[in-house]
Amino acid sequence: MNKTENYNKDIIIKKTLSKITKDENIAIYNKTRLGGLTNLNYKVDTSCGEYAFRFPGVDTEFFINREAEKKCTELANKLDIDAELLHFDTSTGIKVCKYVENAFTLNKAYVQNNPSILKSVAEVFNRLHSFNDDTGVIFDVFKMMEEYETIILNKNGEFWPDYQEIKNKITQLQKEIEGMGVEQVPCHNDPLCENFILGDNKLFLTDWEYGGINDPMWDLADFIIESEINSKLENILLNHYFGRIPKESEIRRVKINKVFVDFLLSLWALMKFALEGSLDMKEWADSRYVRCKEWIVLLDGVQENAD
């Protein structure tokens, strides 16, 4: 962990929670590790209640803007689609939320076997995407691609043999999207199943590290990819989101964003490999890159019917 790596986590947890609760004698009963691809997350049981405590992952300062994340988390709280935020230190990346009672973290299997949850997912997205005010936080997909590429180059990383060819296709699709005059709205931009928390009859969307203004179809495309739902469930999700059968042009936007999602995440994983040397990240980058190319092939069939 960046600025907190040399400190004892238990001391930091107790000190932070003492400040939040204004109870210097707060007792820490239990600390349970929660899931997370990048960060260290814990459920902390105390004499003052239950909390979700987040320590930032190693080297996240290279690609996460904590000031922007805080703004997006505060927006999610305003919209009542995330757990209550209690503490956010932008200098360390430490975040504390109220723990969602009876929380269940969604996963692929649950989503695939419980189609009714797709209505709740669509409602969360609609609530977020309908917010009209500009947060000032931009999720610039193409700028991030350049930033990840720069970090990879600076770490002497290597790209795929046909990388320039695929990058040129991405540029073409970027121009197509820009020509559609798409309205940019607040988005989560990383809606993994595991970032959805189901409480007592309410669904929350958490972890806003990549939150920012973007094409709302990105969130739909990303969720579809990460949940690995089939075409039937994808149609159910889109019908709930639009409140009708989507137009072919809207379907094309979703499919273009699938290309963007996997291309950006292939670069993100390749960057992580360059920074950390994890072979798992290299394999993940390769699989994302291959699927990105598959989405590009599938786009040809949509182009013919787009209105």
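Is T16 buried or exposed? In this predicted model, T16 is buried, because its relative accessible area is 10%, and a residue counts as buried when that value is under 20%. T16 is placed in helix α1, and, when its neighbours within four places in sequence are left aside, the residues in contact with T16 are F53, H87 and V96.

The helix that holds T16 belongs to an arrangement of helices on a sheet. Five strands make up this open sheet, in the order β1-β2-β3-β5-β4, and their pairing is antiparallel. The edges are formed by β1 (28-33) and β4 (85-88), each of which pairs on one side only, and the twist from one strand to the next averages 20°. Helix α1, which spans residues 9-21, packs on the sheet and touches β1, β2, β3, β4 and β5 (95-98), with a direction that makes about 125° with that of β3. Helix α2, spanning residues 66-78, likewise packs on the sheet, where it touches β3, β4 and β5, and its direction makes about 170° with that of β4.

Within the sheet, the pairing of individual strands can be followed residue by residue. Strands β1 and β2 pair in the antiparallel sense over five bridges, and the bridge partner of R33 is Y42, in β2. The hairpin of β1 and β2 has six residues between the strands, and in this hairpin G36 takes a positive phi near 155°. Strand β2 (residues 40-46) is in turn joined to strand β3 (residues 49-55) by seven bridges, the two strands running antiparallel; here D45 has E50, in β3, as its bridge partner.

Beyond the sheet, attention turns to the nonpolar cores. The largest nonpolar core has 40 residues, among which M145, Y148, F260, F263 and W268 touch the most other members. Two or more residues are given to this core by each of α5 (141-154), α6 (163-179), α7 (217-227), α9 (248-276) and α10 (279-303), and the greatest contribution, 13 residues, comes from α9. For W268, when residues up to four places away in sequence are not counted, the residues touched are L37, T38, F63, Y148, Y210, M281 and W284. A second core, separate from the largest one, has 35 residues, including A122, V137, F196 and V254.

Helix α5 has 14 residues and reaches 20 Å from its first C-alpha to its last, close to the 20 Å expected at 1.5 Å a residue. Its buried residues are V141, F142, M144, M145, Y148, E149, I151 and I152, and they pack against α6, β10, α7 and α9. Two of these buried residues, M145 and Y148, are also among the residues that touch the most other members of the largest core. Just after α5, N156 takes a positive phi of about 60°, although N156 is not a glycine. N156 is found in the loop between α5 and α6, and it counts as exposed because its relative accessibility is 69%, where the cut-off for exposed is over 50%.

A positive phi is also found at D207, where the value is about 65° although D207 is not a glycine. D207 is placed in the loop between β9 (203-205) and β10 (212-214). With a relative accessibility of 21%, D207 counts as partly exposed, since partly exposed residues lie between the 20% and 50% cut-offs.

Helix α8, made up of the twelve residues 231-242, reaches 16 Å from its first C-alpha to its last, which is close to the 16 Å expected at 1.5 Å a residue. In α8, the residues L233, E234, L237, L238, Y241 and F242 are buried. These residues lie on the same side of α8 because they cover an arc of only 160° around the axis. An α-helix has 3.6 residues a turn, so residues three or four places apart point the same way. The buried residues of α8 pack against α3 (108-113), α4 (117-129), α7 and α9. Helix α9, against which the buried residues of α5 also pack, is the element that gives the most to the largest core.

Conventions. Residues are numbered from 1 along each chain as its sequence is written. This is a predicted model: local features need pLDDT of at least 70, side-chain atom pairs count only at pLDDT 80 or more; totals for chains, interfaces and linings use all residues. Side-chain values use heavy atoms; hydrogens and water are left out. A nonpolar core is a set of buried Ala, Val, Leu, Ile, Met, Phe, Trp, Tyr and Cys residues joined through side-chain atoms within 4.5 Å. Buried means under 20% relative accessible area, exposed over 50%, partly exposed in between (1.4 Å probe, protein chains only). Helices (H or I, at least four residues) and strands (E, at least two) are DSSP runs, numbered from the N terminus. Contact means heavy atoms within 4.5 Å. Two strands pair if DSSP finds at least two bridges between them. Axes are lines fitted to C-alpha atoms, for helices over the stretch in contact, and angles run from 0 to 180 degrees between N-to-C directions. The expected span of a helix is 1.5 Å times one less than its number of residues. The arc is that of the directions from the helix axis to the C-beta atoms.
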